[in-house]
Amino acid sequence: PVKPCLVDRSSAPPTPCLRMGCGNSNRRSHIVVIQDPRRQGIETCEPEFPAYWVTQDVSSPFHNIVECGTEEIRNVQDLVSRTMFSPGEVLPELKVEKLLRIEDSEMWSKYERSLEFLAQSRMAEDLPVTEIRTPHGGSLQEAPLTRKAAPPSFKQRLHLESNEAYLWHGTDRKSAENIIGSSFDMKRAGSVNAKALGRGAYFAEAASLSDKYTSKGPDGLHAMLLVRAALGRIYVETRYTRWRGGKLKRMISTTRLVHKGKYDSVLGDRKYAFNMDVREYVVANTNQLYPEYLVLYSRQEPSNVKRPSER
């Protein structure tokens with residue numbers, strides 16, 4: 001049975017904290033309201049912050065940036081290396097130079113509530129929420145690569161009853177800093193991908209894919225976010241587009257799909273649409289996302305491969 005209040009299961013020792021000021025209530029919040037009657041009347045409780053966070057005081061809002069130590073850097077580096085996946089392509093070497101953990105009481109409280117919603121609304125369904133199948137053929141899909149490749153301490157944090165996973169999000173430094181300060185802006189999300197799967201925030205299970213959407217900062221480092229995502233029931237799309245009335249139309253709108261309540265996120269498989277053996281995830285509800293780590297890294301280009309155009 002699902003507990004009414006979900007707490008993080010990790011108990012890693014705390015690391016030094018760099019205070020960056022308190023959060024406030026003036027943040028923009030672009031939320032998809034999910035019209036699902038099963039989500040009515042779900043009880044919530046006071047937030048319980050992850051045990052490995054430095055900040056545990058619930059008496060006042062906080063937004064702290066923690067500079068991570070050697071062990072946490074090693075874990076994230078391992079996850080980066082194990083998710084550098086792009087068949088037929090010679091990939092660069094990515095080295096984590098600095099790792100910052102975001103401890104934000106307001107964003108976490110909203111995220112934790114989404115975990116509860118998804119767990120309780122999907123628990124009565126016949127198909128386990130972690131089982132990903134295509135909507136028509138019913139073929140079984142693999143779990144997110146980041147979940148399978150995550151170090152044990154990171155796996156222990158995940159709430160599988162909500163189909164939670166760590167996912168990568170590549171962007172420029174300024175955008176990354178905006179996200180960790182005020183969450184994902186769904187009005188702008190998906191603009192780089194031409195909103196191939198509709199409006200939403202786009203994520204990759206392969207660090208190699210997210211790396212292609214980054215740009216070098218003034219210090220020579222690139223930025224990626226390692227985001228906790230409550231994926232819930234996942235809709236699988238493989239075609240992306242189709243011809244209708246002489247025009248190429250998008251197959252689905254993630255926002256509209258989530259509005260109906262049957263699904264909570266979208267998995268796009270690029271193999272059939274773009275001949276790329278990589279997958280991406282789209283989440284339309286910003287409360288289902290918690291950008292926990294800002295990863296600053298250097299990249300060593302392969303000598304015989306040119307980097308794709310930066311956005």
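What follows is a walk through this structure, from the whole chain down to single contacts. Keep in mind that the model is predicted.

Let us begin with the chain as a whole. It has 311 residues, and 53% of them count as buried. Its secondary structure consists of 8 helices and 14 strands. If you take the contacts between residues at least 6 apart in sequence, 81% of them join residues at least 24 apart. The accessible surface comes to about 14,800 Å², with 51% of that belonging to carbon and sulfur atoms.

A good place to step inside is strand β8, which spans residues 222–230. Here 9 of the 9 residues are buried, so β8 is largely enclosed by the rest of the structure. In a regular strand the side chains alternate between the two faces of the sheet. You can follow that pattern here: His222, Met224, Leu226, Arg228 and Ala230 point one way from β8, while Ala223, Leu225, Val227 and Ala229 point the other way. Residues on both sides are buried.

Which strands pair with β8? One is β6, which joins β8 in the antiparallel sense over 8 bridges. Another is β14, also antiparallel to β8 and also paired with it over 8 bridges. Met224 is a handy landmark for both pairings. Gly170 has Met224 as its bridge partner in β8, and Met224 in turn stands opposite Val295 in β14.

Now look at helix α5, residues 173–182. An α-helix has 3.6 residues a turn, so residues three or four places apart point the same way. The buried residues of α5 are Arg173, Ser175, Ala176, Ile179, Ile180 and Ser182. They pack against several elements, including the strands β6, β8 and β14 that we have just met, along with β2, β3 and helix α2. At its N-terminal end, α5 is capped by Asp172, which has a side-chain oxygen 3.2 Å from the backbone nitrogen of Lys174.

Strand β2, one of the packing partners of α5, has a residue worth a short stop. His63 is found in this strand, which covers residues 63–67. With a relative accessible area of 10%, His63 is buried. Its side chain makes a polar contact of 2.6 Å with the side chain of Asp104.

Next come the aromatic rings. The whole structure holds 11 aromatic pairs. In one of them, the rings of Tyr111 and Tyr290 have their centres 6.3 Å apart and their planes at 45 degrees, so the pair is tilted. Because Tyr111 lies in helix α2 and Tyr290 in strand β14, this pair ties together parts that are 179 residues apart in sequence. Both tyrosines are buried. Another tilted pair is formed by Phe154 and Tyr166, at 5.3 Å centre to centre and with 40 degrees between the planes. Phe154 belongs to helix α4 and Tyr166 to strand β6, and the two residues are 12 apart in sequence. Phe154 is buried, at a relative accessible area of 0%, and Tyr166 is likewise buried at 0%. Beyond single pairs, ring pairs link Phe49, Trp53, Phe62, Trp108, Tyr111 and Tyr290 into a cluster.

Rings here also meet charge. The charged end of Arg157 sits over the ring of Tyr52, 3.7 Å from its centre. Arg157 lies over the face of Phe154 too, at 4.1 Å from the ring centre.

Several of these threads come together at Glu292, a residue of strand β14. Is Glu292 buried or exposed? At 0% relative accessibility, Glu292 counts as buried. Its side chain is joined to that of Tyr166 by a polar contact of 2.6 Å. Leaving aside neighbours within four places in sequence, the contacts of Glu292 include Tyr52, Trp53, Arg157, Tyr166 and, from strand β8, Leu226, Val227 and Arg228.

We finish with strand β13, residues 279–283. Here 5 of the 5 residues are buried, so β13 is largely enclosed by the rest of the structure. Arg279, Tyr281 and Val283 point one way from this strand, and Glu280 and Val282 the other way. Strand β7 pairs with β13 in the antiparallel sense over 4 bridges, and Phe203 has Tyr281 as its bridge partner. Strand β12 also runs antiparallel to β13, joined by 4 bridges, with Gly268 standing opposite Glu280.

How values were computed: Residues are numbered from 1 along each chain as its sequence is written. This is a predicted model: local features need pLDDT of at least 70, side-chain atom pairs count only at pLDDT 80 or more; totals for chains, interfaces and linings use all residues. Side-chain values use heavy atoms; hydrogens and water are left out. Buried means under 20% relative accessible area, exposed over 50%, partly exposed in between (1.4 Å probe, protein chains only). A polar contact is a pair of N or O atoms within 3.5 Å; within protein, one must be able to donate a hydrogen and the other to accept it, and residues adjacent in sequence count only if both atoms are side-chain atoms. Contact means heavy atoms within 4.5 Å. Accessible areas come from the Shrake-Rupley method with a 1.4 Å probe; for residues, only the protein chains shown count as cover. Rings of Phe, Tyr and Trp (its six-membered ring) pair if their centres lie within 6.5 Å; planes under 30 degrees apart count as stacked, over 60 as edge-to-face and the rest as tilted. A charge sits over a ring if NZ of Lys or CZ of Arg is within 6 Å of the ring centre and within 35 degrees of the ring normal. Two strands pair if DSSP finds at least two bridges between them.
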